[in-house]
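Let us walk through this structure from its packed interior to its empty spaces. Keep the sequence at hand.

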Amino acid sequence: MSDTNTSWFHCGRCGSLFQSSVEESDDRRCAVCGRNPSLGTEAPAVESALVPNDTADKPADHDKYPSRKRRRRYFMTKLLLGWVAVLLAIVFGARYLWRDEISSAKPFVSQLAAKNVVPDADVALLSEASPHCSQTFSSYLAATTPEERAQFVHTPITTAARMARFYSLSPLVDIDLRTLALANTSVLHLPGRRAIESQWRAADDRLLDAVFVEENGEWRLDWDHYVRFSDYPWPLFLAGSGLDQGEFRLLARERLADERKNEDAISIVFYAPRFGYAGETGIPSPEFLIKRDTRN
């Protein structure tokens, strides 16, 4: 090779200067590293022979393990899809086999839930009568004399005289109507008719129990149920200054039950519930001894 046909070149691979023929452009090789000095051209196959590499024929570890993980993920995916297919087959098969039984099954309602279900007729009655009952009760409490209150009670002709005697011996209960709120209402099914039971709560936590009965197209207060006594107050009846007989709604409590369990009589004491506070007891009666083998 003559000097006129050669020139100096710079190797872009190793940075060395080497001489090469000017005419060899595509096959030019660096005299130091043996590779193509141009950076834009990949090294040919003979380059691996010039630069030995012990790992050229062996797959690297980072190539081997991802392949194993891919195969494992593929297997788990197929397994999961298989289980989903089995579960779907069981569910749809059960629905197909039991659809007749499910469609013909009667809905189950517990006894407690059945008791709490209010019939439609009772709901309609409460919706229609509650405003009238509220008006009746407010008017009764606002009245200041038994004669005025008799306009709002059930069977006023026979009740007026008993009301007059009762309130002549018992003070009228003063209740602030502005603080009175309806706490609960329900329908009472009496023989041959229906009544409405209601509870009213006052500002002092007093709970008033009132029952209303329809009479001549009007909802009137059941006065006997409201006062819970006859026309004679319980304290006067105990004192013996009134009638020999009376009708009262009382709480009964047995005394000395364990001490008298072997005796032929039991000890009973009666208490009048405090008006407006049904959980509290009022004046107790003397002790009564009642034979165990008697009707009483």
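A nonpolar core is a set of buried Ala, Val, Leu, Ile, Met, Phe, Trp, Tyr and Cys residues joined through side-chain atoms within 4.5 Å. Bear in mind that the model is predicted. Its largest nonpolar core holds 25 residues. Six of them touch the most other members: F137, Y140, L180, F212, W223 and Y226. Several elements give two or more residues to this core, namely α4, α6 (156–169), β4, β5, β6 (218–221) and α7. The largest share comes from α4, with seven residues. In soluble globular proteins, nonpolar side chains tend to be buried together.

Next, the enclosed space. Rolling a probe the size of a water molecule over the atoms shows where empty space is left. How many cavities of 30 Å³ or more does a search of the whole structure find? The search finds one. The volume of this largest cavity is about 40 Å³. Its lining is made up of S130, C133, S134, L182, T185, I196, S198, W200 and F212. Two or more of the lining residues come from each of α4 (120–142), β3 (181–190) and β4. By class, five lining residues are nonpolar and four are polar. None is charged. F212 appears here as a lining residue, and F212 is also among the core residues that touch the most other members.

Stay with strand β4, which spans residues 193–201 and includes Q199. Is Q199 buried or exposed? Q199 counts as buried because its relative accessible area is 15%, under the 20% cut-off. Now look at what surrounds Q199, leaving aside neighbours within four places in sequence. Q199 is in contact with A181, L182, A183 and N184. Q199 also contacts L207, L208 and D209. One of these partners, L182, lines the largest cavity.

D209 leads on to an open space. The second largest pocket has about 280 Å³ of space. Which residues lie closest to its centre? They are D209, R228, R274, G276 and A278, out of 17 that line the pocket. At least two lining residues are supplied by each of β5 (207–215), α7 (223–227), β8 (265–274) and β9 (277–284). Strand β5 gives the most, with three residues. What classes of residue make up the lining of this pocket? There are 11 nonpolar, two polar and four charged residues.

Finally, put the regions together. β5 and α7 each give two or more residues to the largest nonpolar core, and both also supply at least two residues of the pocket lining. α4 and β4 contribute to the core and to the lining of the largest cavity.

Methods
Residues are numbered from 1 along each chain as its sequence is written. This is a predicted model: local features need pLDDT of at least 70, side-chain atom pairs count only at pLDDT 80 or more; totals for chains, interfaces and linings use all residues. Side-chain values use heavy atoms; hydrogens and water are left out. On a 1 Å grid over the protein atoms alone, a cavity is a set of points where a 1.4 Å probe fits but cannot get out, and a pocket is an open set with protein on both sides within 12 Å along at least five of seven lines; lining residues have an atom within 4 Å of a point. Grid points are joined across faces, edges and corners, and a volume is the space filled by probe spheres set on the points. Helices (H or I, at least four residues) and strands (E, at least two) are DSSP runs, numbered from the N terminus. Ala, Val, Leu, Ile, Met, Phe, Trp, Tyr, Cys and Pro count as nonpolar, Asp, Glu, Lys and Arg as charged, and the others, Gly among them, as polar. Buried means under 20% relative accessible area, exposed over 50%, partly exposed in between (1.4 Å probe, protein chains only). Contact means heavy atoms within 4.5 Å.
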